[in-house]
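Colleague: I should like to learn how to read a structural model feature by feature. May we work through one together?

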Amino acid sequence: MPCFRVFLVASAAVLGSLLFAAGSAAAASGPKVTTVVSGLDNPRDLAFGPRGRLYVAEAGHGGSECVSAGEEGTACFGFSSGISRVNIQAGRSHRVVSGLASTAEETGSSATGVDGISFLGNGSMFGIMAGSRDAIPPGLSAATTTKLQQQAGRLIRVTPGRGVRFGADVGHEDFTWSAAHGDLVPGQFPDANPYGVLALPGATWVVDAGSNTIDRIDARGKVHVVAFIPNPPSSDAVPTCIDRSRHGVLYVGELTGGGNQPGASVVWRFTPRGHKLTQWATGLTAVTGCGFAHNGKFYATEFSTAGLDNAAPGTGAVVRVAPHSTSPRTVVSNLNFPGGFAAGGDGSLYVSNWSISPAGGGEMPSGEVLRIALRAKHR
């Protein structure tokens, strides 16, 4: 199930639940939670770059060209996605990359665009664009269609002084692969929606929430599909995030498609050498972001602990995941549709909140970034 379809389904539940007030982010005895910046446009992944600066991927709010998305309603296309640098001390954000492809509902909510970002040591920032040029719907203008074909599903690289370069066509390669493996997710393949990215020396790794694959992009820009994430009890896995341990092993979190009960999500362990994929932890729910903190502990954001089909304000959480555990430990609860995750050098955790909400008004508050200052007993 592609992430845009997932977010459309989730958004319907969200709008129907806004009569209920969201709770505060943490109890008085828990970690201290503060809002770093608000007014963001469907914020997703977070990453720390050079000099400890925090960056956030904003999926945007779609655009003015709208077409039918079938049972999911109407999809609107534009180029409102981008990447912002967050000034943590001043509580402000500044767009450093703009004009990227974005798809959203008519309200601007539940968008997909540049959903994942990652830094390489030399300061280059990598991002992954959602979608695939193979799945652009008819009915859009020729100019918009051409621009979407150039951006959808692409790995991008942002280098100081050189701007944005569009690289490997991950979405197309995954769409083609899924077309040849339609029996893996009957009724949903072919599909592609690259979502999470991890830039490492010698290779860049991407998890695709549509094809349910782990991809390796080599130094020449060639895309290699190296693993398929097995289906949960209902629908498909929908992998959303990826990180590496100190030992060079990769860990992948999954959202899971609609119909899955709370506790159906898995954190997978993938060994690049040998391509061995195993379940590392179970019992999670609707994971949208994950990664290791500087203390070596693994954390995940849960979009809704009630499950995707029952997502509502105040049901999101950040959890700590122990190796081989069957249920995570809650660090902060009562969040509102949290998305991306990043660990700060000061030991704090950062997550995007209201991650399916656009800037500039609407039914929901605009997106924001939260800082979670961990107390010793919560680390």
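Colleague: What is the order of the strands in the open sheet of 4 strands, and is the pairing parallel or antiparallel?

Modeller: Please bear in mind that this is a predicted model. The order of the open sheet is S7-S8-S9-S10, and its pairing is antiparallel. Strand S7 (114–119) and strand S10 (163–169) stand at the edges; each has a single partner strand, so one side of each is left without a neighbour in the sheet. From one strand to the next, the twist averages 25°.

Colleague: How many bridges join S7 to strand S8?

Modeller: Strand S8 covers residues 125–129, and 5 bridges join S7 to S8 in the antiparallel sense. To find the register on the display, locate Ser118, which stands opposite Phe126 in S8.

Colleague: Which helix packs on the sheet, and which strands does the helix touch?

Modeller: Helix H3 (residues 170–179) packs there, touching S8, strand S9 (154–159) and S10. The direction of H3 makes about 15° with that of S10.

Colleague: Let us turn to the cysteines. How many disulfides does the structure hold?

Modeller: A disulfide is a covalent bond between the sulfur atoms of two cysteines. The structure holds 2 disulfides. When the bonded cysteines of the chain are numbered in sequence order, the pairing reads 1-2, 3-4.

Colleague: Which residue does the disulfide join to Cys66?

Modeller: Cys66 is joined to Cys76, with an S to S distance of 2.0 Å. The link of Cys66 and Cys76 is right-handed, with 105° about the S-S bond. Cys66 lies in strand S4 and Cys76 in strand S5 (residues 74–87), so the pair ties together parts that are 10 residues apart in sequence.

Colleague: Is Cys66 buried, exposed or partly exposed?

Modeller: Burial is judged by relative accessible area: under 20% is buried, over 50% is exposed, and partly exposed lies in between. Cys66 has 37% relative accessibility and therefore counts as partly exposed. Its bonded partner Cys76 is buried, because its relative accessible area is 2%.

Colleague: What surrounds Cys66, leaving aside its neighbours within four places in sequence?

Modeller: With those neighbours set aside, Cys66 is in contact with Thr74, Ala75 and Cys76. Separation along the chain and separation in space are to be read as two quantities. The C-alpha atoms of Cys66 and Ala104 are separated by 9.1 Å, and the two residues are 38 residues apart along the chain.

Colleague: Which residue is joined to Cys241 by a disulfide?

Modeller: Cys241 is joined to Cys290, with an S to S distance of 2.2 Å. The torsion about the S-S bond of Cys241 and Cys290 is about 115°, so this disulfide is right-handed. Cys241 lies in strand S15 (residues 239–244) and Cys290 in strand S19 (residues 287–292), so the pair ties together parts that are 49 residues apart in sequence. Cys241 is buried, with a relative accessible area of 6%, and Cys290 is buried at 9%.

Colleague: Why is strand S12 described as largely enclosed by the rest of the structure?

Modeller: In a regular strand the side chains alternate between the two faces of the sheet. In strand S12 (residues 203–208), 6 of the 6 residues are buried, so the strand is largely enclosed by the rest of the structure. Both of its faces are covered: Ala203, Trp205 and Val207 are buried on one side, and Thr204, Val206 and Asp208 on the other.

Colleague: Over how many bridges does strand S11 pair with S12?

Modeller: Strand S11 (residues 194–200) pairs with S12 over 6 bridges in the antiparallel sense. Val206 in S12 is the bridge partner of Val197. The hairpin of S11 and S12 has 2 residues between the strands, and Gly202 takes a positive phi near 90° there.

Colleague: How many bridges join S12 to strand S13?

Modeller: S12 and strand S13 (residues 213–218) are joined by 6 bridges and run antiparallel. In S13, Asp215 is the bridge partner of Val206. In the hairpin of S12 and S13, with 4 residues between the strands, Asn212 has a positive phi near 60°.

Colleague: Finally, how many helices and strands does the secondary structure of the chain come to?

Modeller: The chain comes to 3 helices and 25 strands. Of its 379 residues, 58% are buried.

Terms used:
Residues numbered from 1 in each chain as written. Predicted model: local features only at pLDDT ≥ 70, side-chain atom pairs only at ≥ 80, totals over all residues. Heavy atoms only, no water. Buried < 20%, exposed > 50% of the residue type's maximum accessible area, 1.4 Å probe, protein only. Contact = heavy atoms within 4.5 Å. Pairing = 2+ DSSP bridges. Axes fitted to C-alpha atoms, helices over the stretch in contact; angles between N-to-C directions. Disulfide = S-S within 2.5 Å.
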